[in-house]
Amino acid sequence: MEPVFAVLTGIFLSFAVYLLLSKFIIRMLLGVAILGNAVNLLIFTSGRIMREVPPVIGAGLDVPAGPTANPLPQALILTAIVISFSFFAFLLVLSWRAYSGLGTDNTDAMRVAEPDDVQPPPLGY
């Protein structure tokens with residue numbers, strides 16, 4: 001099962017990079033969301049997928065009685081989900097402000113700081 005998740009992680013990462021290289025902001029936002037999911041799946045896969053008992057130590061024992069699932073990747077994934085959601089929400093608000101102010105989501109058309117009618121600076125001094 002781990003090789004399947006490794007291939008799926010690679011597909012997610014490649015699709016996220018493809019979307020991030022787009023010139024439209026909405027595609028970039030989808031790329032960020034898919035990239036966050038790919039990283040979460042990578043952490044989950046690196047923690048070894050096991051169908052064992054949960055990591056609970058029984059009464060009167062100092063260590064678990066048998067093999068247990070690793071709780072650290074699960075805790076890291078929960079933290080990463082919260083961080084990626086808050087980052088996505090920030091980027092969504094930022095892109096909405098840019099779209100409402102400029103009227104486009106095409107990054108080539110968002111050249112407010114570089115107007116077309118101004119002469120470029122000299123190449124040498």
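This talk walks through three helices of a predicted model and the contacts between them.

Before the details, two remarks on conventions. Because this is a predicted model, local features are taken only at pLDDT of at least 70 and side-chain atom pairs only at pLDDT 80 or more, while totals for chains, interfaces and linings use all residues. Residues are numbered from 1 along each chain as its sequence is written, and side-chain values use heavy atoms, with hydrogens and water left out.

Let me start with helix 2, which covers residues 25-46, where helices are DSSP runs of H or I with at least four residues, strands are runs of E with at least two, and both are numbered from the N terminus. Its 22 residues should span 32 Å at 1.5 Å a residue (the expected span being 1.5 Å times one less than the number of residues), and the end C-alpha atoms are 31 Å apart, which agrees. The buried residues of this helix, buried meaning under 20% relative accessible area, exposed over 50% and partly exposed in between, with a 1.4 Å probe and protein chains only, are Ile25, Leu29, Gly31, Val32, Gly36, Ala38, Asn40, Leu41 and Thr45. They pack against helix 1 (2-20) and helix 3 (71-102). Just after helix 2, Arg48 has a positive phi of about 65 degrees.

What is the angle between helix 1 and helix 2? They pack at about 160 degrees, with their axes 8 Å apart, where axes are lines fitted to C-alpha atoms, for helices over the stretch in contact, and angles run from 0 to 180 degrees between N-to-C directions. The two helices are therefore roughly antiparallel to each other, given that angles over 145 degrees count as roughly antiparallel, under 35 as roughly parallel, 65 to 115 as roughly perpendicular and the rest as oblique. The residues of this contact (heavy atoms within 4.5 Å) divide into 17 nonpolar, 4 polar and 2 charged; here Ala, Val, Leu, Ile, Met, Phe, Trp, Tyr, Cys and Pro count as nonpolar, Asp, Glu, Lys and Arg as charged, and the others, Gly among them, as polar.

One residue of helix 2 that I would like to single out is Thr45, which is buried, with a relative accessible area of 13%. Leaving aside neighbours within four places in sequence, Thr45 is in contact with Glu2, Phe5, Ala6 and Thr9. On helix 1, by contrast, we find Tyr18, which is exposed, with a relative accessible area of 58%. Tyr18 and Met28 are 10 residues apart in sequence, and their C-alpha atoms are 9.0 Å apart in space.

Turning to the other partner, helix 2 and helix 3 pack at an angle of about 175 degrees, with their axes 9 Å apart, and that makes helix 2 roughly antiparallel to helix 3. By class, their contact has 15 nonpolar, 2 polar and no charged residues. Helix 3 itself has 32 residues and reaches 46 Å from its first C-alpha to its last, close to the 46 Å expected. The buried residues of helix 3, namely Pro73, Ile77, Ala80, Leu91 and Ser95, pack against helix 2.

Finally, helix 3 is followed by Gly103, with a positive phi near 80 degrees. In the segment after helix 3 we also find Asn106, which is buried, with a relative accessible area of 17%. Not counting residues up to four places away in sequence, Asn106 touches Lys23 and Phe24.
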